Each structure stands twice: as structure tokens, then as C-alpha cells.
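Q: Could you take a close look at the pockets with me? I'm new to this, so please explain the terms as you go.

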Amino acid sequence: MANEITIIDDFGQNFGLSLLNDKEQLQGLTNEQLEDLVYLIKHLKVGISNVDKELKGRLDDGSQFKHITYGESKTQSLAKDDEKIKKAFVKKHGWESVEVKSPKQLKDLFGEKIQDDLDKVVVYDTQKRVKYE
């Protein structure tokens with residue numbers, strides 16, 4: 001693309017946005033090039049987040065933009081984490097209709113005294129995370 005946004009690293013390497021959407025081009029990068037691109041994108045994400053926050057702040061303050069407005073969408077949620085609602089759902093639909101809170105939520109709700117009960121039932125899994133140094 002002739003007029004696409006291009007990311008240029010400290011060494012003058014060009015990474016066009018079309019590269020981000022092309023698996024074959026990404027696979028053709030060396031490990032060093034891919035690492036450079038990953039760090040550039042990581043920095044861009046912070047900048048983009050800052051721009052989004054600034055925009056939303058200005059919209060909240062009543063600023064108007066030519067092509068940007070707030071839209072509204074509806075979300076669904078249960079009225080309240082209520083004992084009566086839970087009992088009614090369990091009675092009518094069974095235990096699958098309610099969900100046990102996460103260990104962190106239970107600790108927040110009941111404090112450290114629940115830890116002994118959690119130790120008996122909590123399952124620990126490991127997951128891989130990308131670590132940036």
C-alpha cells in the first residue's frame with residue numbers, strides 16, 4: 001500500500017500496517033525483527049490507550065467532534081447477587097444456573113477465614129505468559 005501508516009524502529013526498519021495482517025509476511029520476519037516489532041506495538045498500545053482516555057474524557061466533559069460521538073449500548077445483567085434469586089433459579093433450573101465465585105472474590109467477601117476451605121478445593125493450573133525484559 002502506498003499511503004499506509006508505517007512504524008519505523010530505531011534502526012530504520014519499516015513495518016507497514018499491512019504486515020500486521022499478513023501471516024506469511026510475519027512468518028518471514030527474523031526473530032530479531034519480530035521482537036523489535038513486538039516492542040514497537042507494545043509502546044503503541046500505551047499511546048493508543050492514552051489517546052482513547054483523552055477522547056473519552058473530553059466527550060464526558062461535553063466536547064464535540066465532527067465525526068466522533070458517544071453511542072449507547074445495552075448490557076444485560078441480573079438485578080443483584082441476591083440469595084432469593086439464587087434459590088429460585090436453583091429450585092427451577094438446578095445448580096447449573098448459579099456460579100461459585102472465584103477464590104479471590106470469596107476471599108474479598110469472607111476474608112482469610114475461608115482459605116482453609118479453598119485449600120481443599122482449589123485447582124492450580126500453569127499458563128504461559130509472555131515476559132518483557
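What volume does the largest pocket have?

A: Let's start with the ground rules. This is a predicted model, where local features need pLDDT of at least 70, side-chain atom pairs count only at pLDDT 80 or more, and totals for chains, interfaces and linings use all residues. Residues are numbered from 1 along each chain as its sequence is written, and side-chain values use heavy atoms, with hydrogens and water left out.

Now, your pocket: its volume is about 220 Å³. A pocket here is an open set of points on a 1 Å grid over the protein atoms alone, where a 1.4 Å probe fits, with protein on both sides within 12 Å along at least five of seven lines. The volume is the space filled by probe spheres set on the points, which are joined across faces, edges and corners.

Who lines it? A residue counts as lining if it has an atom within 4 Å of a point. For the largest pocket, those are Glu83, Lys86, Lys87, Val90, Trp95, Val98, Glu99, Val100, Lys101 and Leu106. Helix 4 (residues 83–93) gives the most to this lining, with four residues. A helix is a DSSP run of H or I with at least four residues, numbered from the N terminus.

As for chemistry, the lining of the largest pocket splits into five nonpolar, no polar and five charged residues. In this scheme Ala, Val, Leu, Ile, Met, Phe, Trp, Tyr, Cys and Pro are nonpolar, Asp, Glu, Lys and Arg are charged, and the others, Gly among them, are polar.

The second largest pocket has a volume of about 190 Å³. Its lining includes Leu78, Asp81, Ile85, Phe89 and Ser97. Lys86, Val98, Glu99 and Lys101 are also in the lining of the second largest pocket, and those four names appear in the largest pocket's lining too. The second largest pocket has four nonpolar, one polar and six charged residues in its lining.

While we're on charged residues, the structure holds two salt bridges, meaning a side-chain nitrogen of Lys or Arg within 4 Å of a carboxyl oxygen of Asp or Glu. One joins Lys104 and Asp108 at 2.8 Å, N to O. These two are about one helical turn apart because they sit four residues apart in helix 5 (residues 103–110). Both Lys104 and Asp108 are exposed, which here takes over 50% relative accessible area with a 1.4 Å probe and protein chains only; under 20% is buried, and in between is partly exposed.
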